[in-house]
Amino acid sequence: LSRRQLLFRLLFKAAWVRKDRALTALISVAVVATIATAALTIYSDLEGKLSREFRGFGANVIATKTSGALSSGELTLINQAVGSGGEAVPVAFAIGTELESGSRVVVGGADLEKLRKLNPAWSLTEMHQGNAMVGARVAEKFSHGNDWQIAFGSAVASVRPQAIFHCGSEDDSRIYLPLADFEKLTNVQPGTVLLRIEGRPQEIQAAITLLSASLPGLEVQPVRQITQAQTAVVGKTRSVVFAASAVVVVLIMLCMVATFTSSVLERRRDFAVMKALGASNRAVNSLFAAESALLALTGAVAGYILGSGIAFWIGKANFDAAIPPQPLLLIPVLLGSVFLALMASTAPLKLLQQIQPAAILRGE
Amino acid sequence: MFLRLLFESFRRQKRRKSVALLAIALGMSIATAMIAVGTDIGDKISQELRSLGANLVVTPIDDTLDVNIGGVNLKPASEGAFIPESDLTKIKGIFWGHNIKGYAPFIANEETFTAKNSAFKADLIGTYFAQPLHYGKEQFSTGVRTVNPWWTVEGAWPQDYDDWPGDDAPGVLAGSKLAQQRGLAIGDQIEVGGKTLRISGILSTGGSEDQAIVAPLHIAQKILRLPNAVQRVTVSALTKPEDAFARKDPDKMSPAMHDRWYCSPYANSIAFQIREILPNVRVEQVRPVEQNQGRVLSRVQGLMLLLTLAALLAAALAVSAAMAATILERRQEVGLMKSLGASNLAVAALFLTEAGFLAVAGGLAGFVAGTLLAHRIGHSIFGSSIVVHPVVLAVVICAALLVTFVGSAGAVRKAMQFDPAVVLRGDA
């Protein structure tokens, strides 16, 4: 039996003969690795996942031309900055007069499909074969018939709602016509773009800065209540998840260290026998360390897989989008677990080394 | 004899017992802290979401359409209908009055101002900043400072005057864009309708108010000669996220259903209650806010719930493993007891009683530590404490008992399966 074979044999037997002891140690490492992996994976992706939930709030940035109408070059730049995930809706407004009641009404021109997409929170009552989106208060005021004649100076448009929307803001007092029809009627071109820029708070801010710099004729401003709420909610949730995970991971680690220490102390007889048979302190230390490291490594790998699985599932269950595993986490989780296990197993050995093997074997 | 065994076991095995106790206490403080944070996170995030501003808007039912383009109000104040300001405090008296975080009344009209010998047109907006009010015996203050927390002022917020202040020029806010265009600065005096106002601060909102003069409501009412009148009230209320039941038409509900609907803080039922006490008003949800805050809230709550479950499971496993480890160490004791004639039942009873004591002590210590941790988290992140419900203590003690019993039972059974002689020889 060579020295190396002996070492392997000792390692293997130590785990195999006392399966339950090895198993409790393994479980305690795996639990730490699982919860640490799950918490860190979730934490790393939380900002993006939560920010997505703010898309329903409608436009989060408004760009206004300080004078005149938007040029097609400016619109192209804006569309580029918004990207494929967001929405950019140019709008123009004019005041019309409804002929029968004589009341003034604000009429907007916009791409109606895009307007609907931008405002998923609007509650819509679909009508048939109309040409306009009509705010709830307008529909209530003009309750006579379904065809309204709206005059802009000498031009008169016939408006029939395709959908009536409720939104709770001043838009409820407005009528939206398709942009082309609106331009033909009023000769007014869009000077404002409603934007929904997707992303994390800092990405939105970066897009605003970029737009302001590249479009000097435009004033680009965030809809502050939405961006502020997003920043607050995303930031605080991240902090809570971080603090709670830190507490859990640290406490569970302590728990694991306690378990490990006690399972090493239990083996004081093995330790004493080895010493009595002439093993050096170093040999005993490295044997115990190798055993712990092996257990920790196995536990950590299992924990990483399990933890990534839990994070994936939490993403699916809570955000309807899986949180992908973070390969970068594997190394820190493995190293951390092994380090902890080594600390937890070698510290009690120091204690044992101060006692005579004979005393331990006598059971004192 | 049993008690003596129990007592001696604690006295002689201080190390083992303290390891087990530590593990249980740690596990249970995780449970306490996570349950506390998980159950309170909804309220905390709800408060944060109030920075979205009002979620209900109250307008007179007979009002004409808003004529508002690019933040400029083109509807004269003389047109349209008003809500009497004196009725507004009743909003605090509705069934869900405690959920009303604040409200802000508005009146606006385009006026001609004179400053530094030049005249310009701008909206004059009247509102509450932080108006002290009382409803019955309840004192409260409300206004845009609570309802629109994203409004920032450079300089000082004006006072909410109850009447025109004698000789002084009352303070108002100038919108940041307007101030920039007209060269207005803090301390400047402006005139409107023969009355003098003083700019106490520059207001920045990112909205149409940036181009307006914002005055205390009673001052604006005096200038517009519309005493006791407001055009619009925005209300910020803590609401329960809307579900299918919330969307039902209250008129078509059975009386029992109607009561349940009425007594749930849905935006719709709060709107219904406001309509009950303020006749002739329309109360609309600010849909983007109301529809989405529930969604955001439920995501955050769901996340914390799942994390709490994961943490509880992990804590349970960790505590069980620790208990198993400490009992497995004591095989020889089991062997000795059995060889001296103890029945399996007696051995199990001894170990489980020990575990029970440890669980209760560990549970208590864990609860205290967990409560402290939850407090710290609440204070450092939200600036307000997280309340730990006393029920959590019962839950934690029960959980501690369950987890330690499960952890010990397996290990005790295992220890008893061995032949005492083999164990005592040290061969097992």
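Analyst: pLDDT is the predictor's own confidence in each residue, running from 0 to 100. What you have here is a predicted model, in which local features need pLDDT of at least 70, side-chain atom pairs count only at pLDDT 80 or more, and totals for chains, interfaces and linings use all residues. Residues are numbered from 1 along each chain as written, chains are lettered from A and ligands numbered from 1 in written order, and side-chain values use heavy atoms, with hydrogens and water left out.

User: What mean pLDDT does chain A have, and what about chain B?

Analyst: Chain A has a mean of 86, with 99% of its residues at 70 or more. Chain B averages 86 too, and 99% of its residues score at least 70. The complex gets an ipTM of 0.81 and a pTM of 0.82 from the predictor.

User: Where in chain A is confidence lowest, and where is it highest?

Analyst: The low end is helix H12 (residues 357-362) of chain A, with a mean of 75, and the high end is strand E9 (residues 174-178) of chain A, at 93. Helices (H or I, at least four residues) and strands (E, at least two) are DSSP runs numbered from the N terminus. Chain A comes to 12 helices and 11 strands.

User: And how many helices and strands does chain B have? What makes chain B more spread out than a compact globule?

Analyst: Chain B has 12 helices and 16 strands. Its radius of gyration is 33 Å, well over the 22 Å that the globule rule gives for 428 residues, so chain B is more spread out than a compact globule. That radius is taken over C-alpha atoms, and the rule is 2.2 Å times the number of residues to the power 0.38. Along the principal axes, the C-alpha atoms of chain B fill a box of roughly 110 × 55 × 40 Å. Chain A has a radius of 34 Å, where a compact globule of 364 residues would be near 21 Å.

User: Why is the pair B:Arg282 and A:Glu140 called a salt bridge?

Analyst: The term needs a side-chain nitrogen of Lys or Arg within 4 Å of a carboxyl oxygen of Asp or Glu. B:Arg282 and A:Glu140 meet at 2.8 Å, N to O, so the pair qualifies. Across the interface of chain B and chain A, the rule finds eight salt bridges.

User: What makes B:Ser204 and A:Arg224 a polar contact?

Analyst: That takes a pair of N or O atoms within 3.5 Å; within protein, one must be able to donate a hydrogen and the other to accept it, and residues adjacent in sequence count only if both atoms are side-chain atoms. The side chains of B:Ser204 and A:Arg224 make theirs at 2.4 Å, so the pair passes the cut-off. B:Ser204 sits in strand E12 (residues 195-204) of chain B. Between chain B and chain A, 17 residue pairs are in polar contact, both at pLDDT 80 or more.

User: How many residues does each chain bring to the contact?

Analyst: Chain B brings 78 and chain A brings 72, where contact means heavy atoms within 4.5 Å. The two chains bury about 6,500 Å² between them, 66% of it on carbon and sulfur atoms. Buried area is the accessible area (1.4 Å probe) that two parts lose on being put together, summed over both.
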